[in-house]
Amino acid sequence: MDHALERLVVRHTRRLPVPAGPAGAGAGAARQFDAALMSVGFKLSADLLEALSGLAPETVLATAARTLDTVRELAGDHVRHNAYFKDFPAGVPDTRDFWARCLAEALADPSARGTVTEQLRAGAVNLLDLPSYGTYPHTYEELLAAHDELIASAADRLTVLHPGRPLDDEATALYLSLAASTTPLGDDHLRDLAVLAGHRADGPQPGEIPVREIRAVVNRARLAAGADPLLDTVTDVLRLACALADGDVALREPTRFRALSRPVRRALLGGLDAVVAANPAKLADVSAHREAWKRLGERLHPHEYPRWPHAAEVFAVARGERTVPSFDARVEELLGRNDVTGAAALLTSAPGRLLRVLDRLLRTADGPEELDAVVTACERALPGVSGRVVLSLRDHLHHRTGEGGAHRVFVNRLGGAWVTPDTRPPLPPAVRERLCAALDAETRRRLPAPGHLLVDPAVLDVALPLSGRATADGLGVLPRGSVSPVEGDLLRFFTYWKQTRRSTDYDLSALVLDADHRTVTWLSYTALTAVEGAHSGDVTDAPEGASEFIDLRLGAVRGTYVVPQVNIYSGEGFEEVEESFFGFMLRDAEQKGRPFEPRTVRMKSDLRGPGRVALPLAFARDDDGRWHARWLHLYLKGSPSANRVEENRVSVAVLLRGLLARTPLTVRHLVDLMADDAVATTPWDGTTVPDGPVTYIGLDRPAGLPPGSRVLTPENLRDLIPA
């Protein structure tokens, strides 16, 4: 299990806990380790190389084997990436010529000739019935033999691993960081937290666990360790029950509750009773999840425990035997009477809800007095809400300028998105400015004094990670809405999937749009070549895993936008397959190498969403001809089968137009607020390091920072969001 914890530490922190072991002459083994890491785009820092060099060689080599497995998976190099066309990107045929060749081979094959002949008579041939179509015509070893070694480039990615503290200390620090997160974690991070909590539930705990879903995961571990769960709302108990059933602690999807042991039933009912006894008004929260409570009651048997009568009231409310007006119903009653001032006053007792409905209150307010009452209520409520909610409202107001032609963009928790015209009346400019000033003042008050602030300019356009669900697990991944420069001659997309039970066909495609979001061309299995580049060929079954690639020459792109996408043509969804991910590589024009070279991977992102069309990111060219990536992390619903880039290009263009018109709050916003209290603010030039501790914000952790420095990179950027 120590190895599993070490893997989590490396993945989340890019630090390698220096292993405990006998001293020895490990310098040679450490250099071998470093060379092996560099072949996959990673490297030991000078301090880590020195620390490992003082250990016994066998300790270093064992550590190297484990770490290489971890970082290769991060880059997507833990699987074999074969391409249908062995010489890709060279030797890709014209699409129709290729289909004609497959057809000729089928007619020469006695086992396929009859079926294909009948289809020809009917006027259409199914490509999937052609024996040579969609299955690899060569082995992975034959593909390797067809390609020269990669020519090294100074532009290749190099991710540095730094020395960590002993594993127990690193695992505890990672647990505390995840458990105390001020923003919701993504599903992958929640699973990692569950592993860590299982080992740290009886150790040091964060002073506060503000996110309820995170609290449910920690509570499950505490219950297993014999500690009391942390419960202060009835919904905390429901989330804990979902966690115990391996269900959805976010309460988005129904959970199938399992039979519970008597000790667990007593813990849940006792906790529920204590919450309601302390504050009976919390029964009003039951109706929001009435059906879930009724299903849970069938497993808890509250009638068997008369000593906890307050717990029984929860299930009486769920069954409709007792009526408790919900807080939202009281608010709606006031708004129904056009009593905006009264609704705002009531909502001050629930500050988070007040901020979430603030725009509606402002639009409903009649006259300056009611507007002032709503704004004043908001200003008074600000100290009582989380920093994430403060920044979310600030982001919302950032786009409420009332400019013509505006669109509203909705993205749900699962990455589904849609765009509609914004028909809301604009907010009065003076009101908007007053609220923005109040929100900025509240954020500035909560931000810790940074001391000497050291900032990598490349991080300034990274979107604030207000939710872990706005990103995906992987390497080089940034939150939705982030913008990052793309520098290189060749841009290569890749996707990999491995089916679980049934034949599954994913199709990698790239849509090229002009400045007005009109289609210029696309690359896919129906268009293998274009001026812009080439497609590696269609693979239609992945029992052992399959890869597809698209090569783009950025200088040859005729449009303004490039939108890569992964379409599910048939079979298992992104959440059903054993594994699926997407990424991109950047290469210089003279670099050769295999279709997949881990050193050139700039981004690799897991694909785990509910839709049938994945849109990981888009690329845009600015007026100066420079390319930038805009991170999307979206999933379109698509069709149950046969999704193709040709069929969804209109909806993708509409969505992209709406998304690109919006600029989210970025790291730049918080840096500007922090700068007011900083001793000094220095742009990071990669060389100058102050003498004392600094607060460093950047895309990668630099070497040589003074002891005691606070380091914020994409791996822990959530820590930048104030509590």
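Student: Why is the contact between Arg502 and Glu576 called a salt bridge?

Tutor: The closest N and O atoms of Arg502 and Glu576 are 3.7 Å apart. A salt bridge requires a side-chain nitrogen of Lys or Arg within 4 Å of a carboxyl oxygen of Asp or Glu, so the Arg502 and Glu576 pair qualifies. The pair links distant parts of the chain, 74 residues apart: Arg502 is in the loop between strand S9 (490-498) and strand S10 (505-513), and Glu576 is in the loop between strand S15 (561-570) and strand S16 (579-587). Helices (H or I, at least four residues) and strands (E, at least two) are DSSP runs, numbered from the N terminus.

Student: Which conventions apply to these values?

Tutor: This is a predicted model, in which local features need pLDDT of at least 70 and side-chain atom pairs count only at pLDDT 80 or more, while totals for chains, interfaces and linings use all residues. Residues are numbered from 1 along each chain as its sequence is written, and side-chain values use heavy atoms, with hydrogens and water left out.

Student: What makes Arg502 partly exposed?

Tutor: Buried means under 20% relative accessible area, exposed over 50%, and partly exposed in between (1.4 Å probe, protein chains only). Arg502 has 43% relative accessibility and therefore counts as partly exposed. Its partner Glu576, at 35%, is also assigned to the partly exposed class.

Student: How do you know that Arg518 and Asp516 form a salt bridge, and which exposure class does each have?

Tutor: The N to O distance between the side chains of Arg518 and Asp516 is 3.4 Å, which satisfies the salt-bridge criterion. Arg518 is exposed, at a relative accessible area of 51%, whereas Asp516, at 46%, is partly exposed.

Student: What supports the salt bridge of Arg626 with Asp622?

Tutor: For Arg626 and Asp622 the closest N and O atoms lie 3.4 Å apart. Asp622 is partly exposed, with a relative accessible area of 26%. Elsewhere, Asp359, Arg363, Arg400, Asp422 and Arg424 are joined into one network by salt bridges that share partners. The search of the whole structure finds 52 salt bridges.

Student: Why is the aromatic pair of Phe410 and Trp418 called stacked?

Tutor: The whole structure contains 18 aromatic pairs according to the search. In the pair of Phe410 and Trp418, the centre to centre distance is 5.5 Å and the angle between the planes is 15 degrees. Rings of Phe, Tyr and Trp (its six-membered ring) pair if their centres lie within 6.5 Å; planes under 30 degrees apart count as stacked, over 60 as edge-to-face and the rest as tilted. The pair of Phe410 and Trp418 is therefore stacked. Phe410 is partly exposed at 29% relative accessibility, and Trp418 is partly exposed at 43%.

Student: What makes the pair of Tyr506 and Phe574 edge-to-face?

Tutor: The ring centres of Tyr506 and Phe574 are 5.2 Å apart and their planes stand at 65 degrees, so the pair is edge-to-face. Tyr506 lies in strand S10 and Phe574 in the loop between S15 and S16, so the pair ties together parts that are 68 residues apart in sequence. Tyr506 is buried, with a relative accessible area of 0%, and Phe574 is buried, with a value of 0%.

Student: How do you know that the charged end of Arg157 sits over the ring of Phe42?

Tutor: A charge sits over a ring if NZ of Lys or CZ of Arg is within 6 Å of the ring centre and within 35 degrees of the ring normal. The charged end of Arg157 is 4.9 Å from the centre of the Phe42 ring. Lys604 lies over the face of Phe581, 4.8 Å from the ring centre.

Student: Why are strand S20 and strand S22 described as edges?

Tutor: Four strands form an open sheet in the order S20-S6-S21-S22, with parallel pairing. Strand S20 (680-683) and strand S22 (710-712) each have a single partner strand, so one side of each is left without a neighbour in the sheet. From one strand to the next, the twist averages 15 degrees.

Student: What shows that strand S6 and strand S21 pair?

Tutor: Two strands pair if DSSP finds at least two bridges between them. Strand S6 (residues 452-455) and strand S21 (residues 694-697) have four bridges, in the parallel sense, and Tyr696 in S21 is the bridge partner of Leu454.

How values were computed
Axes fitted to C-alpha atoms, helices over the stretch in contact; angles between N-to-C directions.
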